Each structure stands twice: as C-alpha cells, then as structure tokens.
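Visitor: I should like to understand the terms applied to this model. Could the reasoning be set out term by term?

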Amino acid sequence: MSKYTIKQLSVFIENKQGELSDITSLLSKNKISLKAINLVDTSEFGILRLLVDDELSTKRILDANGFSLTITEVFAAEIDDHIGSFNDVVTILSENNINLEYTYTINNAKNGAFIFKVGLADFEKATKLLSKSKVKLLEKI
Amino acid sequence: MIWNKVESSSLESLRKLQTKRLKETIKRVYTLTPFYKKKFDELGINPKDIKSIEDISKLPFTKKQDLRDHYPFGLFTVPMSQVIRVHSSSGTTGKPTVVGYTEHDMDVWDEVMARVFKMAGTTEEDIVHNAYGYGLFTGGLGLHNGAAKVKATVIPSSGGFTDRQVMLMKDFGATILASTPSFALHMAESASKAGIDYKKDFKLKAGIFGAEPTSKGLKKEVSKVWGIDYHEIYGLSEIIGPGVSCSCKHSDLLHIFEDHFYPEIIDSKTGEILPDGERGELVITSLTKQALPIIRYRTGDITSLKREPCACGRTMVRMESVVGRADDMMIINGVNIYPSQIEHVISQTEGLTINYQIVVSKKGHLDALDILIEISDDVMIDSISEIENIKKSIQHNLLNNLYINANVKLVEPRSIERSVGKAIRIIDKRE
C-alpha cells in the first residue's frame, strides 16, 4: 500500500427521502468526523462516498445498520492556487495511460484537495509518478 | 435410511395395494357422503365400475370450493365422535378449508412423517428444531409427530421470535431444522448479525423445508449458508398435511408416498391426464383417509412426475419441486411465468440476495413488471456503472431465459419486508 493511500467508504443508498440523513445522523451520533462527502446519484439509487476520521468504526456502524458498503483506496492532491493545478494531475495520469475513474474536490478552512480514484492496478504507478512531479500528494486528510 | 419396506415395493404389488385401497375409498365416499353420491350418479359411475387403479380417470375431480361449500364438516365420512383432530387453512381467500382426522388417519400421518424424518437421516440421537407454526396450520404438529415417531428429541419452537430461535438452536444443539426455507434464511441472517459462527456454533446436519414453492437457487442458498443437506417436504392439509412427499439426499425429486396418496398430473385447463415428465397440475386421491377421504383433489400445484428409479432404493414415483401454483401463474404480456422461475434467474446473478419482490402493474395496455431485489452486503460497489451492470445483467438474463422485460430496481440489504411464514413475493396491481 502506498503511503498516499486514503481510505474512502462507498455506500449504496436508495434514492428516497431521509436516506442521507439516516447515515449522517448515525455518524454524528457516533462522533465520527466527516472529512468529505460526495454523492453521485441516479433516479433510483446513489453512491455516497465518504472520507472520515475512522473508517473501520464507520464501516462497522453502517454494516450493523444494514447498509451495503465497500472501502476503496483513493489519493488526494493538494489544491494549489494556480490555473492548471488540476490539469497538471490529469495530464500526468493521461500521458501514462492511467485511467481516472472519478474525481471530486474537498475543502477545509486552510486548504483544499482533489480526490482521485484510479484502477487498483494503476494505483502505485500513479502515486509514484505524481509524488515525483511538482504535484503535492497528501498522506492523510 | 428407509422407514417402511413398502417404500421400495415392486410396481405390481403397489398397484395391487392401490387398487384395493381405491375401491374401499370409493365405496366409502359413495355410501357416506351425499356430495360424492350425487357427483358419481350424475356421471353414471357406480363404485363397482372401478376395477383397477387405472379406472381412477373416470372419477370426478374435487376442488377447494367443494370443501368450502360444505364448511365446516360436510364432507366428513365419520361422526364427530370419531374425529380426534381438526386442522384448517388460514382462509385468506375465503372460508377456510377444514379437515379432520380419525385415530387411524393420525397413525397414517405419523407413519408418512416418520418416513420423511428417516429420509433426512433422523435417529433417536437427533434434536429436531421445529420452527413450523403450531396450531390450526398442519405444519407444526405434522412435523412434530413424525419426529416423535422416530424417537428424536423435538423442540416445538413454532414460528416467529427469530433471534430467540437462533439462540435455542445453538444452545440446545439442534441437528435437524424443520422450517420454511425463507425462515431458514431469515434465521441465518439473524445469526450472522449476532456474530455467530455456523461451522463452530451449530450442529445442524440436515433440514426439512417446505410450505412454499422454492427455486433451486434458494435451496442451494439455504443449504450453503447453514452447511446442511436440504430435504424438501411437500403436502397439503386437504390430503393429510406435510408428508405427501419428500426428497432424499440423492436428488431434488420428491418421493411420493403413493401407497396412501395417488398422484396424477393433469392439464389445468382441459382436465386431461398428462404423461410422466410433463408439467401440469397435481391431482391427488387419498387412498387410506377415513375422516375426510378426497377423490382426485386438484391441488393447484404445478409439477411433473418422474418414474426413474432412485439411488436410495425407494421405488415410488417422484415429483419435481413445485414450480408454482396453477393460480399463481402470472401472465405477463401473454407469457406464462411462475415466480420461482424469476427467483431462479435472480439466484444465478452475482451481487444479489434471494430477497425480492415482484410487482405487476398495467402501463397503458401492457403489463409492466418491476422486480425489487436486495443487493448483497458484501457486493463491492464504488461506481454507478457497477450497479448498472448488475441491473443490466439480471434484466438480460430474465429476457434471455424467460422472455420477459422487467424493470429491475436494486434496493438496500434487508429493506424488503421479511415474513416469518410464507414469503410474499408477488404484488399484482392489475385489475
């Protein structure tokens, strides 16, 4: 596992009233801190991607409450405030034939980051290439 | 293990026995019930005309409605003083059907249930956890008496209280489970939620499952999750209760105890008898019943008969697992479908559980089929396309195997309501 591996939880949720708050209230009740939340949806269901301070407890809590979820590995590149900072990352990936599965951004008070998901087989290669470039990869969120 | 040597008798001696018993039964119903006398007379049949078991095709059918019309005891052929037990259906679709048993009938029932328990390898060392409902439903007490007859220890836990049942099964060291297959799965879910290790914590070796039509996939799932031999039992209260037939460990086919229950397969629409191997409605004549003998009872269950010999040594005819109910058959845009066929396709698709619900509705002039299926807990999903793929694959399989277009909706694990008895699989919203 690369030192840049960040564990993300992907939860399958049905597209119905109260689903999201069911999950977030569970996390809040269990004092889990949400670092990032990203929801992709279709008319019937969605996938909720979460970065939290304690993945294993979160997984246990959601499992126990009947949610179907999986832990995925992603990496994060710090947002540098210049034009093309996102482009720098995707160019390196694309030039090296690494397919980007999805991406989203997160922010906090001090700075922000892009979250990237690539295929498992490409993970090491991608983080190695990026850490050698001027892109700054985060070791944790 | 074979309980009674009659189970492996020659066809010739079996036919002789059946003929003798049919003649007695015909005489009995003709002389003792106005209903059958009238029916026979109308068709110009005299009991003397029935010379061999093959003549059975001359006899009229009996339908569920006939029992309802004579509610509660109108078809009984003995005075109530000789009736020692009464059972009844739930009556969800009208008046309940009521059945009665004399002491002799109870002995027959215990006998066929003992055969079932022996088929599942039960000895007096075994502990039978009986989770069939006790009461007017024949399941609980039927299984109970059979287990007692082979001198096993019976735990009469009845239905419901899933968590407690799991605890009892573990603590009492049950070796044989008797329940509906959907309840067996439900208990497995509950056990795994409680962090119980099947291999270590349970001693189950076999299960006797029935009371609902079950696909191969569901059977495999139950047998896999509990790590046990799956014995399917079939029966219906109008004939005796559970114990009409049961599968041994050699195949999925169910041995019919045809020395007591004579089976035929007919075309539901025309009433014509179909040859062995062809699917149709199962019709059963009780050959030894005293309190409520029934002639050519239309069970409504769709199955077929197979006459090849079985490795276990039993020679009586076998039936395939019931595919569905004649009245359960859905016609979706002109295609005949049984829920169990859909269930089978679901069970073949990765990433899904066997918990599903079929909703049929009208969209304009066409029938629309929505199928809700729970995705499994351990499916690794991180993208919409993976879910879309599961959806597409099941829709493709349904179209390919059953020629139906269905809208599949994947839902969260455990979001479809669980039933403790028979699972509710179809919701038909059409007029």
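Guide: The following exchange sets several assignments against their definitions.

Guide: This is a predicted model, in which local features need pLDDT of at least 70, side-chain atom pairs count only at pLDDT 80 or more, and totals for chains, interfaces and linings use all residues. Residues are numbered from 1 along each chain as its sequence is written, chains are lettered from A in the order in which they are written, and side-chain values use heavy atoms, without hydrogens and water.

Visitor: Why is the link between Glu44(A) and Lys391(B) called a salt bridge?

Guide: A salt bridge requires a side-chain nitrogen of Lys or Arg within 4 Å of a carboxyl oxygen of Asp or Glu. The N to O distance for Glu44(A) and Lys391(B) is 3.0 Å, so the pair satisfies the rule. Across the interface of chain A and chain B, three salt bridges are found.

Visitor: What makes chain A and chain B partners in contact?

Guide: Contact means heavy atoms within 4.5 Å; 23 residues of chain A meet this criterion with 22 residues of chain B. The area buried between them (accessible area lost on being put together, 1.4 Å probe, summed over both) is about 1,700 Å², with 53% from carbon and sulfur atoms. Of the area that chain A buries there, Phe12(A), Glu44(A) and Phe45(A) supply 33%.

Visitor: How do you know that strand 10 and strand 11 of chain B pair?

Guide: Pairing demands at least two DSSP bridges between two strands. Strand 10 and strand 11 of chain B have six, in the antiparallel sense, so they count as paired. Glu264(B) stands opposite Val283(B) in strand 11.

Note on methods: Helix = DSSP H or I, 4+ residues; strand = E, 2+ residues; numbered from the N terminus. Buried area = accessible area lost by both parts, 1.4 Å probe.
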